[in-house]
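Reader: I would like to understand how the labels used for a protein structure are justified. Could you take me through a few of them with care?

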Amino acid sequence: MRAKVVCREVKILETCEIVVFRPVCKQDGPYPADGSDENNTFAKWSPAGEFSLTITNPALLGTYRPGQVFYVDFTPTAL
């Protein structure tokens with residue numbers, strides 16, 4: 001499954017950051033009547049949700065900013 005998410009919040013702590021992601025949605029006005037907006041397609045099938053990641057890798061601190069949009073792929077593993 002592929003999701004399209006937006007970074008909604010970055011909580012900066014002393015040794016880590018907590019990054020909160022939510023599914024995309026249309027923020028500025030209505031979707032096109034023909035449904036051609038990509039965010040409309042993603043929002044139709046995953047309209048709600050949230051996940052957060054705690055990042056402790058110093059090389060990644062400061063990487064994520066509110067408003068950035070990402071594709072997230074969920075791929076099963078063999079455990």
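Reader: In which strand does K4 lie?

Author: K4 lies in strand β1, where a strand is a DSSP run of E with at least two residues, numbered from the N terminus. This is a predicted model, in which local features need pLDDT of at least 70 and side-chain atom pairs count only at pLDDT 80 or more, while totals for chains, interfaces and linings use all residues. Residues are numbered from 1 along each chain as its sequence is written, and side-chain values use heavy atoms, with hydrogens and water left out.

Reader: Why is K4 called buried?

Author: Buried means under 20% relative accessible area, exposed over 50% and partly exposed in between, with a 1.4 Å probe and protein chains only; K4 has 12% relative accessibility, so K4 counts as buried.

Reader: What joins the side chains of K4 and E38?

Author: They are joined by a polar contact of 2.5 Å, a term for a pair of N or O atoms within 3.5 Å, where within protein one must be able to donate a hydrogen and the other to accept it, and residues adjacent in sequence count only if both atoms are side-chain atoms.

Reader: How do you know that E17, which is buried, has no salt bridge?

Author: A salt bridge needs a side-chain nitrogen of Lys or Arg within 4 Å of a carboxyl oxygen of Asp or Glu, and the nearest side chain of opposite charge to E17, R65, is 9.6 Å away. Here Lys and Arg count as positive and Asp and Glu as negative, with His and the chain ends not counted. The side chain of E17, a residue of strand β2, does reach the backbone nitrogen of G62 at 3.1 Å.

How values were computed. Helices (H or I, at least four residues) and strands (E, at least two) are DSSP runs, numbered from the N terminus.
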